[in-house]
Amino acid sequence: MTYVKVHNQLYGNDDETSRIESGITQKMLFDDSHCKKIEAKIDEIKAAADKNVFKKHTVDRAPLRNKYFFGAGYTYGNQMAKKGPGQEKLYPKEGPDAVDDIPTWVHELLIKPLEKEKIVPKDWVNSAVINDYLPGGCIVSHIDPIHIFDRPIVSVSFLSDSALSFGCKFMFKPIRTTEPAYVLPLKRGCSTCISGYAADGITHCVRPQDVTARRAVVILRRVFPDAPRLNPDDISLTNTPLNLHRTPTWQLALERRRETEYRDDDRKHRRRTHGHDDRGDRDYGDSENHRKHRHSNDSSSYPRKRAASATPEREVIEKTSPAKKPKKIIVQESSESDSDLDSDTPPKEMSRRVRWELRQAEKKKQKKKHKTKKEKKSHRKVTVT
């Protein structure tokens with residue numbers, strides 16, 4: 001076994017670089033044949049997750065990155081009911097909300113070699129997490145919860161090489177990062193231990209540009225015995241991880257959007273049926289005529305309330321002009337009862353519409369008569385001259 005010399009790109013000051021390096025230890029632990037055995041087991045984990053073999057909190061899916069919790073799982077990011085450092089909590093040890101136990105092959109192929117090299121004490125590891133990245137995948141800047149996990153944090157990389165960046169800030173839409181204070185190469189088969197300032201004093205992340213091929217990392221940690229855990233009531237308030245046991249979030253969002261569209265279309269249809277336009281105003285038909293009569297002082301421009309009448313006929317009084325007497329227009333009522341009418345067209349709204357149409361027809365007739373009288377007068381004047 002040989003130790004790996006840390007080759008890095010430096011962006012911060014020398015003092016911070018030395019503090020980060022003081023908390024990092026790397027060692028080439030596994031050769032190519034050993035890596036292939038472990039990578040085959042990782043593929044089996046992925047296949048089992050696709051078949052819904054694991055418990056619901058064991059699998060956590062994100063774009064271009066899947067996470068598998070064994071031994072202990074915890075809430076983080078948007079899954080927390082209360083946001084902020086120190087609010088992370090472990091899932092229960094037992095019951096339907098617990099995660100699966102650490103697989104036997106992890107103990108045999110990973111933990112025992114680490115114990116043999118005295119990288120971790122015997123029976124120290126009680127939590128194993130597998131992160132499976134696709135090209136372009138990432139994990140945002142974070143510090144492993146200090147109230148949950150002991151130090152050091154041990155990880156082993158597989159499938160391809162990558163890098164761990166310290167002191168980055170992420171920005172989204174599009175996703176990008178600031179220049180890191182320190183970049184640590186992660187070689188395939190290499191174990192990395194971080195503690196001290198590197199683990200607690202500065203954030204670490206995996207940037208999208210550093211994942212050029214599929215890459216997996218197994219993170220081995222020790223959970224404190226008194227670390228806070230979720231109660232059943234707390235679990236109902238958390239946003240549980242997206243996995244194959246649940247309807248995908250994008251599908252739920254699409255269904256909500258479709259429901260909204262259908263509801264809006266139905267609302268518009270009902271407004272038009274009741275004599276309203278899309279803005280919720282009364283629909284007066286011809287917008288130009290409506291503008292002419294909207295500000296008129298003539299009471300005929302406004303619909304009247306329905307007159308209560310016991311007879312099948314009712315009188316609608318229409319003022320043809322201020323100089324003339326009101327004219328009575330007889331409107332024959334339908335013999336059908338109100339209950340026989342279409343439910344989407346209330347009788348009250350129909351009566352107002354009928355009265356308005358009758359007024360419009362009468363006004364057009366009066367305008368035509370007035371125009372005819374004017375033409376006759378002008379014709380007589382021309383004849384006399």
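Helices (H or I, at least four residues) and strands (E, at least two) are DSSP runs, numbered from the N terminus. The structure on display is a predicted model, and the tour below uses these element names.

Begin with Phe 172, in the loop that connects strand E10 (170–171) to strand E11 (176–177). Add Val 140 and Ile 175 to the selection: with Phe 172 they make up a nonpolar surface patch whose accessible area is about 270 Å² together.

Turn next to helix H2 (32–50). Its 19 residues should span 27 Å at 1.5 Å a residue, and because the end C-alpha atoms are 27 Å apart, the two values agree. Just after H2, select Asn 52, which has a positive phi near 60°.

Which residues of H2 are buried? Select Cys 35, Ile 38, Glu 39, Ile 42, Ile 45, Ala 48 and Ala 49. Their cover includes strand E4 (59–62), together with E5, H3, E6, E8 and E15.

Now display the largest nonpolar core, which has 32 residues; Trp 105, Leu 110, Phe 158 and Leu 220 touch the most other members. Two or more residues of this core come from each of H2, strand E5 (65–70), helix H3 (104–116), strand E6 (127–133), strand E8 (153–158) and strand E15 (215–221). Another core, of 31 residues, lies apart from this one, and includes Tyr 133, Leu 186, Val 211 and Val 223.

Finally, centre the view on Leu 110. Neighbours within four places in sequence aside, Leu 110 is in contact with Phe 30, Ile 38, Trp 105, Val 156, Phe 158, Val 218 and Leu 220. Ile 38 was selected earlier as a buried residue of H2.

Terms used:
Residues numbered from 1 in each chain as written. Predicted model: local features only at pLDDT ≥ 70, side-chain atom pairs only at ≥ 80, totals over all residues. Heavy atoms only, no water. Core = buried A, V, L, I, M, F, W, Y, C linked by side-chain atoms within 4.5 Å. Buried < 20%, exposed > 50% of the residue type's maximum accessible area, 1.4 Å probe, protein only. Contact = heavy atoms within 4.5 Å. Patch = residues over 30% accessible without salt bridge, like charges linked within 9 Å, V, L, I, M, F, W, Y side chains within 5 Å. Areas by Shrake-Rupley, 256 points an atom, 1.4 Å probe, with all protein chains shown as cover. Salt bridge = Lys/Arg side-chain N within 4 Å of Asp/Glu carboxyl O. Expected span 1.5 Å × (residues − 1).
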